[in-house]
Amino acid sequence: MPILIELFLTFVRIGLFTFGGGYAMLSIIENICVEKKKWITHDEMMNVTVIAESTPGPIAINCATFVGYKKAKVPGAILATFGVVLPSFIIIFAISMFLEGFLEITWIAHAFQGIKIAVGILILDAALKMIKKMPKKPLQMGILAASFVVLMLINVLKIHLSSIVVMLTAALVSLAFFQIDKLRRKEGQV
């Protein structure tokens with residue numbers, strides 16, 4: 001199958017069968033694009049996830065665009081992005097046209113309760129895979145633990161602080177340690 005068609009159909013399938021948005025899709029994208037098709041590496045998946053999280057736009061769309069571009073440049077990026085978006089667009093469009101009070105239908109409301117749990121598990125799965133693959137160095141583990149504690153406190157204490165602040169702080173801490181290490185090495189060589 002030509003790569004452009006394969007990219008499109010793969011991301012249509014990801015978009016069609018993944019509920020819960022981008023974070024829930026990460027685990028599926030990694031499973032298909034890294035483990036099964038080997039279009040990108042685990043490191044590239046982690047890097048694109050970090051980049052996609054810190055750039056505008058939904059994370060799954062950014063990931064699809066990256067994978068598509070990596071495999072088939074601009075046409076691949078366009079088709080992968082279109083593929084991941086198309087199913088959601090069609091489903092939401094159909095719901096908005098035909099089912100007024102969609103979530104008021106009892107069995108649909110109950111189904112969505114189960115879907116919420118499954119989405120949480122998919123997000124947790126993606127996070128655990130990334131944690132397993134990240135380098136187990138003291139700095140990375142310290143940033144991970146500190147970020148976890150800070151985000152838990154933010155949620156428990158209901159503090160209004162954007163997760164972007166936590167990400168930027170983690171980046172600054174890591175950059176500061178990198179610069180300090182670089183200066184130490186430079187002084188050791190002199």
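Here is a walk through this structure, from its salt bridges to its internal cavity and then out to its surface. Keep in mind that the model is predicted.

Let's start with the charged pairs. The structure holds five salt bridges, and three of them are worth a stop here. Take K133 and E30, whose closest N and O atoms sit 2.9 Å apart. K133 belongs to helix α5 and E30 to helix α2, so this salt bridge links distant parts of the chain, with the two positions 103 residues apart in sequence. The two partners don't see the outside equally, either. K133 has a relative accessibility of 29%, so it counts as partly exposed, while E30 is at 4% and therefore counts as buried, the cut-off being under 20%.

The next pair is E44 with K70, and here the closest N and O atoms are 3.0 Å apart. E44 is part of helix α3, whereas K70 is part of helix α4, which runs over residues 59-98, so this bridge ties together parts of the chain that are 26 residues apart in sequence. K70 counts as partly exposed because its relative accessibility is 39%.

The third stop stays inside one helix. D125 and K129 form a salt bridge with 3.6 Å between the closest N and O atoms. Both residues lie in helix α5, four residues apart, which is about one turn of the helix. So how do they fare on burial? D125 has a relative accessible area of 28%, so it is partly exposed. K129, at 17%, counts as buried, because buried means under 20%.

Now for the inside. How many cavities of 30 Å³ or more are there? The count comes to one, and the largest cavity has a volume of about 40 Å³. Its lining consists of L26, E30, M45, T49, A126 and M130. You have met E30 already: the residue that lines this cavity is also the salt-bridge partner of K133. Three elements give two or more residues to the lining, namely α2 (22-36), α3 (42-54) and α5 (106-133). Sorted by class, the lining has four nonpolar residues, one polar and one charged. The charged one is E30, because Glu counts as charged, and T49 is the polar one, because Thr is not among the residues counted as nonpolar or charged.

Staying with helix α5 for a moment, look at A118, which lies in that helix. Its relative accessibility is 39%, so A118 counts as partly exposed. The C-alpha atom of A118 is separated by 9.9 Å from that of T18, although the two residues are 100 apart along the chain.

Finally, the surface. A nonpolar patch is formed there by F148, V149, V150, M152, L153, V156, L157, I159, L161 and V165, and together these residues have about 890 Å² of accessible area. Which helix gives the largest share of the nonpolar patch? That is helix α6, residues 138-156, with six residues. One member to look at is L153, which has its place in helix α6. L153 is at 44% relative accessibility, so it counts as partly exposed. That value also clears the patch cut-off of over 30% relative accessible area, which is why L153 can be part of a patch.

Definitions and conventions: Residues numbered from 1 in each chain as written. Predicted model: local features only at pLDDT ≥ 70, side-chain atom pairs only at ≥ 80, totals over all residues. Heavy atoms only, no water. 1 Å grid on protein atoms, 1.4 Å probe; cavity = no way out; pocket = protein on both sides within 12 Å on 5 of 7 lines; lining within 4 Å. Points joined across faces, edges and corners; volume = space filled by probe spheres on them. Buried < 20%, exposed > 50% of the residue type's maximum accessible area, 1.4 Å probe, protein only. Patch = residues over 30% accessible without salt bridge, like charges linked within 9 Å, V, L, I, M, F, W, Y side chains within 5 Å. Areas by Shrake-Rupley, 256 points an atom, 1.4 Å probe, with all protein chains shown as cover. Salt bridge = Lys/Arg side-chain N within 4 Å of Asp/Glu carboxyl O.
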